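Trainee: I'm new to this one and would like a close look at a single part. Could you walk me through the empty spaces that open at the surface, and what surrounds them?

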Amino acid sequence: MVERQRRHPDAILVRVRGATGFGFTYLSDGDFNLAADHFLLPAVQFSGTDANDADQRRTLAYDFLWRYFAKPQAKEFFRENIRWIVAAAAREKFRDEAEFGQVPRVMVIERRHDDDGIVIRAAPEYLEHSGFPRAVIVGKHNYGGGPAHFFDSDSEYAKVGQSKPSQETWLPQIIFRLYDETPSVVMGMPKPGKGNDLGVECVALSFGSRARLHERKVAKKPTRK
């Protein structure tokens, strides 16, 4: 089956430092362009950039992306405007591909290993689904995603999944206990349970590719006679 033309990414995964960063989702062309314009339109006006000059727009978006990677904890960067900045940078990067409907379904923005630069690239590895989550995102796909934890191997994921949860890292541990096999991206949000219990609402993203989601079998306790 031939995939339909794509003019926006379903997800942009941002690996800022090691295993941490963000995972952002975009539900449509309109959602993606709205996010990009939230950053780019006021930035163009404030900086005096020529909005009709593609090189100037790209330079402006890349500049703010550099600023974020240089100081990700700076108070001027928060979930919403990071989502807008990476959308703007990705749109300018893949503008030619968008004209032909060939925008990658999943993108990664990360440091380049050879010279510590920043690369915006297609991420086909997230369409292969090796059975463990390469990205665990705290958020909902229809709300645009949120903070993420990344894993390069099943062993890395298992090590964190079997560790004690902390305030910074708790969703991978829950997913590890719930599922034996997952697609490459799993998202989750706290959900009020019965009484004072707190549950988690999870969703796995397969991006239109074949993937399996298997619950982990829990050994039954022996019954006493």
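Mentor: Here's a tour of the two largest pockets, one after the other. Keep in mind that this is a predicted model.

Let's start with the largest pocket, which holds about 400 Å³ of space. It's lined by 20 residues, and the closest to its centre are Thr-20, Gly-21, Pro-147, Ala-148 and Glu-168. Where does the lining come from? At least two residues each are supplied by β1, β2, β5 (135-138), β6 and α6. Sort the lining by class and you get 13 nonpolar, five polar and two charged residues.

One of those central residues turns up elsewhere too: Ala-148 belongs to a nonpolar core of 14 residues, along with others including Val-106, Val-108 and Ile-137. Two of the lining elements, β6 (145-150) and α6 (171-178), also have the buried residues of α5 packed against them. Those buried residues are Tyr-157, Ala-158, Val-160 and Gly-161. They sit on the same side of α5 because they cover an arc of only 165 degrees around the axis. Over on the other side of α5, Ser-155 and Lys-159 are exposed.

Now for the second largest pocket, with about 230 Å³ of space. Its lining has 13 residues, and Arg-15, Glu-110, His-113, Arg-121 and Asp-152 come closest to the centre. β1 and β3 each supply at least two lining residues here, and β3 gives the most, with three. By class, this lining has four nonpolar, two polar and seven charged residues.

Technical notes:
Residues are numbered from 1 along each chain as its sequence is written. This is a predicted model: local features need pLDDT of at least 70, side-chain atom pairs count only at pLDDT 80 or more; totals for chains, interfaces and linings use all residues. Side-chain values use heavy atoms; hydrogens and water are left out. Buried means under 20% relative accessible area, exposed over 50%, partly exposed in between (1.4 Å probe, protein chains only). Helices (H or I, at least four residues) and strands (E, at least two) are DSSP runs, numbered from the N terminus. The arc is that of the directions from the helix axis to the C-beta atoms. Contact means heavy atoms within 4.5 Å. A nonpolar core is a set of buried Ala, Val, Leu, Ile, Met, Phe, Trp, Tyr and Cys residues joined through side-chain atoms within 4.5 Å. On a 1 Å grid over the protein atoms alone, a cavity is a set of points where a 1.4 Å probe fits but cannot get out, and a pocket is an open set with protein on both sides within 12 Å along at least five of seven lines; lining residues have an atom within 4 Å of a point. Grid points are joined across faces, edges and corners, and a volume is the space filled by probe spheres set on the points. Ala, Val, Leu, Ile, Met, Phe, Trp, Tyr, Cys and Pro count as nonpolar, Asp, Glu, Lys and Arg as charged, and the others, Gly among them, as polar.
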